Amino acid sequence: MPQIQKFFFEIARESFQIRPDSIVAFIIATTTLGHLTGQETVLFQDKTSASGLQIGTDAACWADFDNDGWVDLCASGGVWKNQQGKMFTRIADVPTSVAADFDNDGFIDLFSWAALKLYRNNAGKEFTEVKLPELPKSSSRGACWGDFNGDGFVDIYVGGYEEWNAGITWPFMILINEAGKGFRLERSESNYRARGVTAADFDNDGDIDIYASNYRLQPNLLWLNDGAGQFADAAGKYGVVATSEGFGGGHSIGSCWGDFNNDGFIDLFAGNFAHVDGRGDQPKSRFLKNLGPDQDYQFADLGPSGVHYQESYATPSAGDYDNDGNLDLFFTTVYGVASFGRKNNPVLFRNAGNFVVSDVTVAAQLQDLPPTYQAAWADFDNDGDLDLASAGKLFENQGSPNNWLKVRLQGDGKSVNRSAIGAQVRIQIGEKTLTRQVEAGTGEGNQNELTLHFGLAANKDPLQVEIAWPNRQHQTITGVMVNSLLTVNFAPSTAASESTP
């Protein structure tokens with residue numbers, strides 16, 4: 001949001017006490033609404049010091065832990081409370097985590113993949129450790145939440161990494177939620193060296209599938225869910241191994257799901273570390289296009305599609321930072337200086353639509369960031385555009401003239417998990433179907449805000465919002481105004497059942 005608009009918004013919020021759970025913001029008509037051209041770029045401003053944040057460069061997780069309508073941050077061993085978009089205060093010590101409401105009590109809890117520990121959120125005031133079953137020794141770089149067996153409670157998939165010098169591959173783990181009282185270890189194997197893990201119902205069959213990004217030239221895995229929480233690898237079948245001809249796999253670190261071409265189907269971006277740039281060398285990062293039901297949800301490998309080569313790419317995160325309706329991509333690096341003395345830096349890629357991306361890092365004032373695994377989007381100041389946590393910094397989005405909608409979903413804690421993990425929302429604008437999903441885990445160990453964010457470009461008309469809840473029920477809401485926050489609580493009486501295709 002331009003600065004003069006932010007000024008008037010602050011006056012309005014203080015004068016009229018606008019609540020963040022109603023209409024979050026409105027646009028004073030100081031500019032003409034429109035869409036960004038390919039030459040215009042949204043700017044980001046470093047607000048780290050001004051906000052009081054003191055975090056490192058490891059993974060970050062955004063979530064509203066105290067239900068006050070302002071998204072908080074878990075990073076670098078601490079939970080930071082958002083003070084109405086102005087300041088952050090550290091309120092708890094919790095290792096790097098991903099977030100979801102495991103006991104359906106209405107408060108979002110934390111699972112630390114770094115420490116393999118579970119923390120219960122006690123009414124937004126403190127976090128206490130919850131005992132887990134005895135787990136095998138392991139080392140993880142990421143985890144994700146999802147209701148894998150459809151019982152209304154979120155489960156956990158924990159990636160297992162490696163201890164390379166010792167020749168050890170650590171096991172992954174599937175932890176099944178036992179009605180919010182605890183977890184049981186359902187499955188554990190030591191075959192793959194996973195870095196990031198992320199989940200989505202890519203084939204629209206009503207259950208959540210898992211994508212594991214494996215390192216050291218191992219093929220990536222697509223764990224296909226049978227609906228009862230039993231998984232089988234189907235990466236080869238669906239074309240998402242994310243490799244090149246002649247290689248069994250790549251050095252994948254992080255991947256992310258997202259509908260990058262607005263056709264209503266969730267695609268994949270696989271981030272690959274590749275030591276050498278050249279034909280026949282290690283697999284580069286690539287977009288994987290979901291071809292939809294007519295082709296049995298197979299994926300087409302589109303290659304880099306404009307993601308220029310850097311050796312040490314690490315963790316990607318998708319978000320529509322300029323509100324033009326297209327999901328963009330922020331992509332970090334492991335090294336500041338890679339092989340042969342070549343500089344590597346995180347990059348912001350703007351998506352012009354249909355998988356055509358371009359580097360806008362310098363224009364967005366995000367150049368020269370140091371190596372980091374941190375990349376997570378959230379609207380921390382509730383002004384309708386996505387801000388970014390990366391490289392130990394908080395970058396405030398300075399806004400665009402485009403319109404937007406935010407959608408916050410909540411399950412009933414019975415047939416739909418309270419955090420609504422796995423729900424998908426679609427909005428039809430002309431011939432485009434904008435699609436977002438509620439996910440808890442992306443890239444390598446990061447998590448974007450659970451509230452869904454839609455850029456609407458110049459669209460001013462009321463919207464029809466289609467919700468696919470993770471229990472195979474659908475809901476339609478009409479007459480939704482732009483530049484607002486829509487909050488929807490699941491209720492069986494307002495949702496229609498749908499059979500599995």
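These are my notebook entries on one predicted protein model.

**Ground rules.** I'm working from a predicted model, with local features needing pLDDT of at least 70, side-chain atom pairs counting only at pLDDT 80 or more, and totals for chains, interfaces and linings using all residues. Residues are numbered from 1 along each chain as its sequence is written, and side-chain values use heavy atoms, with hydrogens and water left out.

**Overview.** I started with secondary structure and got three helices and 38 strands for the protein chain. Helices (H or I, at least four residues) and strands (E, at least two) are DSSP runs, numbered from the N terminus. Next I checked burial: buried residues make up 60% of the 501 residues. My cut-offs are under 20% relative accessible area for buried, over 50% for exposed, and partly exposed in between, with a 1.4 Å probe and protein chains only. For contacts (heavy atoms within 4.5 Å), I looked at those with a separation of 6 or more, and residues 24 or more positions apart account for 56% of them.

**Cores.** I looked for nonpolar cores, meaning sets of buried Ala, Val, Leu, Ile, Met, Phe, Trp, Tyr and Cys residues joined through side-chain atoms within 4.5 Å. The largest has 71 residues, and Leu 110, Phe 111, Trp 145, Tyr 157, Leu 409 and Trp 469 touch the most other members. Strand E14 (residues 172–177) gives the most to this core, with five residues. There is also a second, separate core of 17 residues, including Ala 200, Phe 202, Ala 235 and Leu 268. As background, nonpolar side chains tend to be buried together in soluble globular proteins.

I then pulled up the surroundings of Trp 469. Skipping residues up to four places away in sequence, Trp 469 touches Leu 409, Val 416, Phe 490 and Ala 495, among others. Polar residues turn up there too, including Gln 410, Gln 475 and Asn 489.

**Aromatics.** My search of the whole structure gave 26 aromatic pairs. Rings of Phe, Tyr and Trp (its six-membered ring) pair if their centres lie within 6.5 Å; planes under 30 degrees apart count as stacked, over 60 as edge-to-face and the rest as tilted. I opened one of the pairs, Phe 260 with Phe 287, and found an edge-to-face arrangement at 5.2 Å centre to centre, with 80 degrees between the planes. Phe 260 sits in the loop between strands E20 (251–258) and E21 (267–273) while Phe 287 is in strand E22 (residues 286–290), so the pair ties together parts that are 27 residues apart in sequence. Both Phe 260 and Phe 287 are buried. These two belong to one aromatic cluster with Phe 269, Tyr 313, Phe 331 and Phe 355.

**Gln 310.** Tyr 313 from that cluster came up again here: its side chain makes a polar contact with the side chain of Gln 310, at 3.5 Å. A polar contact is a pair of N or O atoms within 3.5 Å; within protein, one must be able to donate a hydrogen and the other to accept it, and residues adjacent in sequence count only if both atoms are side-chain atoms. Gln 310 is in the loop between strands E23 (299–303) and E24 (313–319), and is buried at 9% relative accessible area. Beyond neighbours within four places in sequence, I have Gln 310 in contact with Thr 333, Lys 343, Asn 344, Asn 345 and Val 347.

**Charges over rings.** The test is NZ of Lys or CZ of Arg within 6 Å of the ring centre and within 35 degrees of the ring normal. I noted the charged end of Arg 141 over the ring of Tyr 373, 4.8 Å from its centre. Arg 195 does likewise over Tyr 215, 4.9 Å from the ring centre.

**Salt bridges.** I counted 17 (a side-chain nitrogen of Lys or Arg within 4 Å of a carboxyl oxygen of Asp or Glu) in the structure. Asp 66 bridges to Lys 81, with the closest N and O atoms 2.4 Å apart. Asp 66 is in the loop between strands E2 (60–63) and E3 (72–75) and Lys 81 in strand E4 (residues 78–83), so the pair ties together parts 15 residues apart in sequence. Next I checked Arg 184, which bridges to Glu 186 at 3.1 Å and to Glu 178 at 3.9 Å. Arg 184 is partly exposed at 34%. Shared partners also join Asp 66, Asp 68 and Lys 81 into one network.
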